[in-house]
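Okay, everyone, let's get going. Take a moment with the sequence and the model on the screen, and then I'll walk you through them.

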Amino acid sequence: QGQLMESGGGLVQAGTSLRLSCTVTREINRFKALAWYRQAPGNQRELVAGLTRDGVTQYADSVTGRFTISADYAKNTVYLQMNHLKPEDTALYYCNIPESLGVPMTVYFHWGRGTQVTVSS
């Protein structure tokens, strides 16, 4: 099984931007979909953004219009551009390969360590 390595998190002020990266040690063009998730303290892990191999995107209502998922298939890397960050975006962010965006919590890989995003007001 491959590995997932997330990076790019940090402590930022509300209204600013961050770009997260996730490098996958497998060829991501083999999979139907790619996704970013997040988990805040005391909450369950949730789907933030998904991208199908056909280029269809799906976003959580709370991030629509602010976050953008993309992928560089040649580099086996998935990105999450996060703009206009809010304190409620504070969480540990993970990437993974879901079975499909319809079943986002059924994933192929073991979860990585994630990357922490903290947004101050």
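**Strand pairing first**

So, let's start with strand β2, residues 10–13: four bridges join it to β12, and the two run parallel. When I say strand, I mean a DSSP run of E with at least two residues, helices being H or I runs of at least four residues, all numbered from the N terminus. And two strands pair if DSSP finds at least two bridges between them. Within that pairing, Val12 has Val119 of β12 as its bridge partner.

Quick housekeeping: this is a predicted model, with local features needing pLDDT of at least 70 and side-chain atom pairs counting only at pLDDT 80 or more, while totals for chains, interfaces and linings use all residues. Residues are numbered from 1 along each chain as its sequence is written, and side-chain values use heavy atoms, leaving out hydrogens and water.

Back to β12. Strand β9, residues 91–96, pairs with β12 too, in the antiparallel sense over three bridges, and there Leu92 sits opposite Gln116.

Which side chains of β12 are buried? Thr115, Val117 and Val119 are, and they point to one face, whereas Gln116, Thr118 and Ser120 point to the other and are not buried. Buried here is under 20% relative accessible area, exposed is over 50%, and partly exposed is in between, with a 1.4 Å probe and protein chains only. That's the textbook picture, really: in a regular strand, side chains alternate between the two faces of the sheet.

Now over to β8, residues 77–82, which is mostly covered, with five of its six residues buried. On the β3 side (residues 18–24), the pairing is antiparallel over six bridges, and Ser21 stands opposite Tyr79. With β7, residues 67–72, β8 again pairs in the antiparallel sense over six bridges, and Phe67 faces Met82 there. The β7–β8 hairpin has four residues between its strands, and Asn76 takes a positive phi near 50°.

Zooming out, how many helices and strands does the protein have? Zero helices and twelve strands. Of the 121 residues, 43% count as buried. The radius of gyration, taken over C-alpha atoms, is 13 Å, which agrees with the value near 14 Å for a compact globule of 121 residues; that rule is 2.2 Å times the number of residues to the power 0.38. Along the principal axes, the C-alpha trace spans about 40 × 25 × 25 Å.

That's my tour, thanks.
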